[in-house]
Amino acid sequence: MTPPLEIAANVLMTVSIVLAGRNNIHSWWIGIVGCVLFAVLFYQVNLYADVLLQLFFIVTCVIGWLQWRRGAGGQPLPITRTGWRSLAWIVPAGFAAVFIYGMLLHRFTNAYAPFIDSAVLVFSIIAQFLLMSRRIETWGFWLLVNTVAVPLYYSRGLHLTAVLYAAYWINALVSWYWWGVQARRAAAAPLPVPATSAPIADA
């Protein structure tokens, strides 16, 4: 039987993730509550890297909420892309961090599947930072995280969580496409005329 804590955490996070995919700012505060519940849940099944990850998410949800509202000079933050030069160091650094943190978990804790657990942690952090900045590439990293997380959570008996992460994989794919559409629409939209501009008088 699925524990009530797992059900509640997943319901809230599902709502938060779907809203994020729709570029909706209410994703953030709902995510905070969901992360608190997940932190307790993962602690109970010895997934300590995931506990740390939820604490990170709580802090970054607050920052992301503010970023989306006022991150562009006091205006809502637009959707943008991450440059290839940035990705060229972000991805290798991510894999290096997975190895280092996985070794620490393996040596000093009783963590289950430390390197896989570490991969969920590290690439979720990268994806979260990109989401906070409204970067389209966030969804590529969430695809990677969800691919790794599904078998991990299923193996620990968190069957509902595993099924929902499989659904999140589909949501990430759809959201990646949708954010691209929104970015192109914003780029094609005409620039607004400043309110203070005076009309040009006829000669």
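This passage walks through the cavity, the nonpolar surface patch and the salt bridge of a predicted model.

Start with the inside. The structure has one cavity of 30 Å³ or more, and the volume of the largest cavity comes out at about 370 Å³. A total of 26 residues line that space, and those lying nearest its centre are Met 13, Ile 17, Phe 57, Gln 128 and Trp 142. As for character, the lining breaks down into 18 nonpolar residues, seven polar ones and one charged. Plenty of helices chip in: at least two lining residues each come from α1 (4-21), α2 (27-44), α3 (48-70), α5 (114-132), α6 (138-155) and α7 (159-188).

Helix α4 turns up on the surface instead, in a nonpolar patch. Phe 99, Ile 100, Met 103, Leu 104, Phe 108 and Phe 115 together make this patch, which covers about 610 Å². The biggest share comes from helix α4 (residues 84-108), with five residues. Met 103 is a handy one to look at, sitting in helix α4. Its relative accessibility is 38%, so Met 103 counts as partly exposed; the band for that label runs between 20% and 50%. Patch membership asks for over 30% relative accessible area, and the 38% of Met 103 fits that requirement.

Then there is the charge pairing. Side chains of opposite charge can pair when their charged atoms come close. The model holds one salt bridge, in which the side chains of Arg 81 and Glu 137 meet at 3.9 Å, N to O. The cut-off for such a contact is 4 Å. The two partners tie together distant parts of the chain, 56 residues apart: Arg 81 is in the loop between α3 and α4, while Glu 137 is in the loop between α5 and α6. Glu 137 has a relative accessibility of just 12% and therefore counts as buried, the limit being under 20%.

Ser 27 is another buried residue, at 5% relative accessible area, and its place is in helix α2. How far apart are the C-alpha atoms of Ser 27 and Arg 81? The separation is 20 Å, for two residues that lie 54 positions apart along the chain.

Put together, the picture has an enclosed space with a lining of 18 nonpolar, seven polar and one charged residue, a surface patch to which helix α4 gives the most, and a salt bridge between Arg 81 and Glu 137.

Note on methods: Residues are numbered from 1 along each chain as its sequence is written. This is a predicted model: local features need pLDDT of at least 70, side-chain atom pairs count only at pLDDT 80 or more; totals for chains, interfaces and linings use all residues. Side-chain values use heavy atoms; hydrogens and water are left out. Patches are made of residues with over 30% relative accessible area and no salt bridge: like charges are joined within 9 Å, nonpolar side chains (Val, Leu, Ile, Met, Phe, Trp, Tyr) within 5 Å. Accessible areas come from the Shrake-Rupley method with a 1.4 Å probe; for residues, only the protein chains shown count as cover. Helices (H or I, at least four residues) and strands (E, at least two) are DSSP runs, numbered from the N terminus. Buried means under 20% relative accessible area, exposed over 50%, partly exposed in between (1.4 Å probe, protein chains only). On a 1 Å grid over the protein atoms alone, a cavity is a set of points where a 1.4 Å probe fits but cannot get out, and a pocket is an open set with protein on both sides within 12 Å along at least five of seven lines; lining residues have an atom within 4 Å of a point. Grid points are joined across faces, edges and corners, and a volume is the space filled by probe spheres set on the points. Ala, Val, Leu, Ile, Met, Phe, Trp, Tyr, Cys and Pro count as nonpolar, Asp, Glu, Lys and Arg as charged, and the others, Gly among them, as polar.
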